Amino acid sequence: MDYDREREEAITAGERALISLKEARSHISGAKGFGIWDLLGGGSFVSLAKHYKISRAKDAVYHAKLDLQNFCRELRDIQMNLDINIGDFLTIFDLMDNFFADILVQSRLSDAGRRLDDAIFRVEECLRSLRWIQQ
């Protein structure tokens, strides 16, 4: 096993995971923004925009999970471990368009944002460690 090559592969996988996590976080933030407008009575356009952003966030979270799994697999190749679970955040169902459903959606979006922020922090820390080993 070529440790330097394996470490470089882990760094590359970590950078890809970080990009995916940040993209998912961006979509969550956008959905939360439209969610606030929706709470304030933004109407059907705002509600549709929020659902669009939630849909994009679901896709981004799915891809981030795949990239995180790949990163963790690459870390195992160099005997490192990183256990990150960003959850199945978006089982958000905003079927009823009322104030209480909108509050629930906002709460779940906030929770998902916190989990993504934690995952971003942990991946960044791990990448710093990998780069420090490289020096």
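Is Arg-5 buried, partly exposed or exposed, and what is its relative accessibility? Here are some notes to help you find your way around.

1. To start with that question: Arg-5 counts as partly exposed, at 42% relative accessibility. Keep in mind as you read that this is a predicted model.

2. Arg-5 has a salt-bridge partner in Glu-6, with 3.5 Å between the closest N and O atoms. Glu-6 counts as buried, since its relative accessibility is 9%, and buried here means under 20%. So this bridge pairs a partly exposed arginine with a buried glutamate.

3. Have a look at Asp-4 too. Asp-4 makes a salt bridge with Arg-7, and the closest N and O atoms there are 2.9 Å apart. Why do these two sit about one helical turn from each other? Asp-4 and Arg-7 are three residues apart in helix 1, so about one turn of the helix separates them. Asp-4 is partly exposed, with a relative accessible area of 45%, whereas Arg-7 counts as buried at 5% relative accessibility.

4. Now for a bridge that reaches across the chain. The side chains of Arg-131 and Glu-15 meet in a salt bridge, 2.3 Å from N to O. This pair ties together distant parts of the chain: Arg-131 belongs to helix 3 (residues 99-134) and Glu-15 to helix 1, with their positions 116 residues apart. Arg-131 is partly exposed, its relative accessible area being 34%, and Glu-15 is partly exposed as well, at 33%. Some bridges also share partners, and in that way Arg-5, Glu-6 and Glu-9 are joined into one network.

5. How many salt bridges does the structure hold? There are eleven, and the ones described above are among them: Asp-4 with Arg-7, Arg-5 with Glu-6, and Arg-131 with Glu-15.

6. On to the surface. Tyr-3, Trp-132 and Ile-133 make up a nonpolar patch there, and together they have about 340 Å² of accessible area. Tyr-3 lies in helix 1, which covers residues 3-39. With a relative accessible area of 31%, Tyr-3 is partly exposed. A residue needs over 30% to be included in a patch, so Tyr-3 qualifies on that count with its 31%.

7. What about disulfides? How many does a search of the whole structure find? The search finds zero. Take Cys-72: the closest cysteine sulfur to its own belongs to Cys-126, and because the two are 8.1 Å apart, that is too far for a bond. A disulfide would need the sulfur atoms within 2.5 Å. Going the other way gives the matching result, since the sulfur of Cys-126 has its closest cysteine sulfur in Cys-72, at 8.1 Å. Cys-72 is buried, with a relative accessible area of 12%, and Cys-126 is buried too, with 9%.

8. One last residue to look up is Gln-79. Where is Gln-79 found? Gln-79 is in the loop between helix 2 (44-77) and helix 3. The phi angle of Gln-79 is near 60°, which is a positive value in a residue other than glycine. Gln-79 counts as exposed, with 65% relative accessibility, because exposed means over 50%.

How values were computed: Residues are numbered from 1 along each chain as its sequence is written. This is a predicted model: local features need pLDDT of at least 70, side-chain atom pairs count only at pLDDT 80 or more; totals for chains, interfaces and linings use all residues. Side-chain values use heavy atoms; hydrogens and water are left out. Buried means under 20% relative accessible area, exposed over 50%, partly exposed in between (1.4 Å probe, protein chains only). Patches are made of residues with over 30% relative accessible area and no salt bridge: like charges are joined within 9 Å, nonpolar side chains (Val, Leu, Ile, Met, Phe, Trp, Tyr) within 5 Å. Accessible areas come from the Shrake-Rupley method with a 1.4 Å probe; for residues, only the protein chains shown count as cover. A salt bridge is a side-chain nitrogen of Lys or Arg within 4 Å of a carboxyl oxygen of Asp or Glu. Helices (H or I, at least four residues) and strands (E, at least two) are DSSP runs, numbered from the N terminus.
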